[in-house]
Number of protein chains: 4
Amino acid sequence: MTDQRSIDLNSDVGESFGNWRLPDEDMLGVVSSANIACGFHAGDPKTILSSVRTAAANGVAVGAHIGYRDLVGFGRRFIDYDPAELAADVLYQLGALDGLARTAGTRLSYVKPHGGLYNTIVTHEVQARAVIDAIAEFDETLPVLLLPGGYALDYAREQGLRGVAEAFADRNYNPDGTLVSRREPDAVLHETSQVVENMLRLAEEGVLIARDGTRIETEAESICTHGDTAGAVQMARSVREALERAGVGIRSFAAAA
Amino acid sequence: MTDQRSIDLNSDVGESFGNWRLPDEDMLGVVSSANIACGFHAGDPKTILSSVRTAAANGVAVGAHIGYRDLVGFGRRFIDYDPAELAADVLYQLGALDGLARTAGTRLSYVKPHGGLYNTIVTHEVQARAVIDAIAEFDETLPVLLLPGGYALDYAREQGLRGVAEAFADRNYNPDGTLVSRREPDAVLHETSQVVENMLRLAEEGVLIARDGTRIETEAESICTHGDTAGAVQMARSVREALERAGVGIRSFAAAA
Amino acid sequence: MTDQRSIDLNSDVGESFGNWRLPDEDMLGVVSSANIACGFHAGDPKTILSSVRTAAANGVAVGAHIGYRDLVGFGRRFIDYDPAELAADVLYQLGALDGLARTAGTRLSYVKPHGGLYNTIVTHEVQARAVIDAIAEFDETLPVLLLPGGYALDYAREQGLRGVAEAFADRNYNPDGTLVSRREPDAVLHETSQVVENMLRLAEEGVLIARDGTRIETEAESICTHGDTAGAVQMARSVREALERAGVGIRSFAAAA
Amino acid sequence: MTDQRSIDLNSDVGESFGNWRLPDEDMLGVVSSANIACGFHAGDPKTILSSVRTAAANGVAVGAHIGYRDLVGFGRRFIDYDPAELAADVLYQLGALDGLARTAGTRLSYVKPHGGLYNTIVTHEVQARAVIDAIAEFDETLPVLLLPGGYALDYAREQGLRGVAEAFADRNYNPDGTLVSRREPDAVLHETSQVVENMLRLAEEGVLIARDGTRIETEAESICTHGDTAGAVQMARSVREALERAGVGIRSFAAAA
């Protein structure tokens, strides 16, 4: 076992809102990077602060999960933002999370766009530039976690940001490396053993297997897992344990404080 | 004329929200300290960023005008917050404004609670401690602008924060130094000449004159002015010009960046 | 068994919001009256419409669960409303729920204030009058479900509205008929057998037993149950089944459409 | 002068929100139809109720100005709604306005989609059907005010709703009857005399003149005017006075209550 064999596990955290609670803080015992909601698509300040404190206590890197301003839509719906308004919304969210992180004795270590914003900037160049430029203006040393192969990742790297690609533990892939659409029956993987096998291969060989068996070389440095149900948390735990048994270290691509 | 003869002028800025515009940015050519809305009672991120940039360009100190989360009530209504939630809301707002200020090349220089929160913590000890402790946790060097004679000001000083008292340019005072209630017909002063005379006396002698003629010694280091109407902006300009003609310097109690 | 032996079971429904789901629709198979959130403290329109449709399909009376405009606080925090604003907020919520109910082929059958508003108007006369007057202005035939012994109930009856008192299935009572404070260790009853026994006695004798054994005559025509957890739903089912076995009919005080 | 020579003037009203005031109620002395905000893109309940009462007192028809749920964007930005959520949002807004109208002694007389929603359903068939079907489900006798030539107008008529087309007083037209884009320098007409001349011709001949002089036959039964600035209100008054001098009656296409 050498130091090279390590990978990051990330998950969405801090998505409760007032009286509406999600069990996502349980993932802070599993992952190495926490995408923490910033209050625009989810997360009230008390919840966010609690998640930041728990992440810090567990040595989990704190990421800003920036999103569209849309609580009722959970940030999942495309909104046709003016780019200057989008940039300001990004800066506001980064500042808020950074402030809470510093108060909790840690710091903001990376950024991941959420939901509709994440998907939009794969191809929407105007919104992608607004988001990436805002991040760079806030702190050009912040890594940005993004979908491999998209415009946002290319543009982030052009601007000198560290763009980090991720793979999805429970999703099936097409031979060209894109995700199988959720409209297809085999879009989501439900078998823990298959997910574990895939993620071990990814960590050890840098390869994903498409649904037709094609081997896909990927640059993914992080594995996206989920914590919104008890079953999801258990699957993520299984992935982590299998990786550790195989001698793969679980480390964030971003340094925790 | 000596350096000692100086005073601060403060005003609320950044209170537009989306399509609803207030002319308060005009005050950034008049005052030395800008209480900038943080998005909870007023202020969308694009508006806030614009106000922060203009304040920085004009050498005006940037203050966080923290408020209750209540857009429809403009932060003016008492809300019976849980103190941990109030503290988190304060930290979130401070972080957001601080991030926007740093992005604009300046920094957060002080804090002023807004509206219902400002009035509540004059006497509500639980909320006062939640607010002051949160500010101290965020940055213990930040001055806090407050009503003289209240619990919040005392508590802030006990906690080692610099508490700064303010006087109100257009309000009438009772002999005991409290404000004449807005339910009384003479609560608000409308004559520019009277307002100017009062504020000159305050700057030069540290004295306010109550409505019955009583002289009130005050520790006020800042004068609160208004910019929500064209007439208010003009009155604030008159106060500034009169002070400058009398050789009183207009300087923030907080250093602009 | 005669017709007189019947009682109403009510529960809060429609409290999901966007992606945040509560299992409260399960209660529509248990209760006879549904307090359906109106969007101000909880409930997005699609959720509300779904709850209204299910209530109609199950013959459950549709009530408007009106609340303070405070999603993050779930309507549980006192807000110092201007009475004209509170009245308008009430009318708006009643209209919205009434419209959704008519669209679903049923109609609005009663009103219950929620959370902070419910508790406030037990003693806060200005808010109580604003709420009750608004309900009377909207439709003077709507019954209003309230805490027995409070100002709001008296005022509603003075204004000619039908005020309906309720008892709480899982709460302990003081000898004077008030609820044991939640700060006391025995405020909430957890034993299903005890709850069932109490509610049978209430339905059959119109009596509650205080924690010291005192018999309290009560005018309660409805029993408030909860559906926010799986355990709560089960307890409510047990109460219903026990009542039915004892020959007590479960009928709303308000006619379902 | 005969009865045939009449036309409707409509304007957006009720767009204030809490402390942010717009002067749009002044238009209730000018127009015959009021597009009243329903709280999703603008309008708090107290403002809406006030606008409804004033409209009723002035004999102005009350229309529901339904919009996307987006206060910060004033309902002007496209949001990629799920159609079932859009339909529920429409029903909720219709119910709320209808309830406030009945309380004010009048009734809801028509519907006009606002801003981003208005423009989207000219071509977006899924959203258009969700909106039109919801209106028909709420009340199939409600006329719907829409852009001529769009999908929504066609679909509304197919569903048996009365679709009413409108013309824009202060906008320039292309020869094909579409509006000159706001990106063009001559998109908006600023000369009151030209606007008055155009609207007289429209009322008397049913014709608009395109920017190249082409005569465009139009089915417009209503003229859209604006009340968001003092100058806009004055222009609308001039149009009304000129129409009345020419013997054209100002009457809503929808009956006021």
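Chain B and chain A are joined by four salt bridges (a side-chain nitrogen of Lys or Arg within 4 Å of a carboxyl oxygen of Asp or Glu). This is a predicted model, in which local features need pLDDT of at least 70, side-chain atom pairs count only at pLDDT 80 or more, and totals for chains, interfaces and linings use all residues. Residues are numbered from 1 along each chain as its sequence is written, chains are lettered from A and ligands numbered from 1 in the order in which they are written, and side-chain values use heavy atoms, with hydrogens and water left out.

**Interface of chain B and chain A**

- One of the salt bridges pairs A:E137 with B:R53, and the closest N and O atoms there are 3.6 Å apart.
- Four residue pairs are also in polar contact across this interface, both residues at pLDDT 80 or more. A polar contact is a pair of N or O atoms within 3.5 Å; within protein, one must be able to donate a hydrogen and the other to accept it, and residues adjacent in sequence count only if both atoms are side-chain atoms.
- On the side of chain B that touches chain A, the elements giving two or more residues are α1 (45-57), α2 (83-103) and α4 of chain B. Helices (H or I, at least four residues) and strands (E, at least two) are DSSP runs, numbered from the N terminus.
- The biggest share comes from α2(B), which gives the most to that side, with 13 residues.
- By residue class, that side of chain B holds 14 nonpolar, four polar and nine charged residues. Ala, Val, Leu, Ile, Met, Phe, Trp, Tyr, Cys and Pro count as nonpolar, Asp, Glu, Lys and Arg as charged, and the others, Gly among them, as polar.
- Chain B brings 27 residues to the contact, and chain A brings 27 residues. Contact means heavy atoms within 4.5 Å.
- About 2,000 Å² is buried between chain B and chain A, and carbon and sulfur atoms give 63% of it. Buried area is the accessible area (1.4 Å probe) that two parts lose on being put together, summed over both.
- B:P45, B:K46 and B:Y92 supply 31% of what chain B buries against chain A, more than any other three residues.

**Symmetry of chains B and A**

- Chain B superposes on chain A by a rotation of 180 degrees, with 0.0 Å of shift along the axis and an RMSD of 0.0 Å. This is the relation of a two-fold axis. Copies are superposed by least squares on the C-alpha atoms of residues with pLDDT of at least 70 in both.
- In chain B, the C-alpha nearest the axis belongs to B:A96, 2.0 Å away from it.
- The copies meet through the same surface, because 100% of the interface residues of chain B are also interface residues in chain A.

**Interface of chain A and chain C**

- Here 14 residues of chain A contact 14 residues of chain C.
- The buried area is about 1,100 Å², with 72% given by carbon and sulfur atoms.
- A:N19, A:W20 and A:V72 supply 60% of the area that chain A buries against chain C, more than any other three residues.
- The rule finds zero salt bridges across this interface, but four residue pairs are in polar contact, both residues at pLDDT 80 or more.
- The side of chain A that touches chain C has seven nonpolar, four polar and three charged residues.
- A turn of 180 degrees, with a shift of 0.0 Å along the axis, lays chain A on chain C at an RMSD of 0.0 Å.
- A:W20 comes closest to this rotation axis among the residues of chain A, with its C-alpha at 3.0 Å.
- Both copies use the same surface, as 100% of the contact residues of chain A recur in chain C.

**Phe74 in chains B and D**

- Most residues other than glycine have a negative phi.
- B:F74 is not a glycine, yet has a positive phi of about 55 degrees. B:F74 lies in the loop between β3 (61-66) and α2 of chain B.
- B:F74 is buried, at 2% relative accessible area. Buried means under 20% relative accessible area, exposed over 50%, partly exposed in between (1.4 Å probe, protein chains only).
- D:F74, also not a glycine, has a positive phi of about 55 degrees. D:F74 sits in the loop between β3 (61-66) and α2 (83-103) of chain D, and is buried at 1% relative accessibility.

**Leu142 of chain B**

- B:L142 is in the loop between α4 (125-138) and β5 (144-146) of chain B.
- B:L142 is buried, with a relative accessible area of 2%.
- Leaving out residues up to four places away in sequence, B:L142 touches B:L108, B:S109, B:Y110, B:V111, B:I135, B:L161 and B:R162.
- B:G163 is 21 residues from B:L142 along the chain, and their C-alpha atoms are separated by 9.1 Å.
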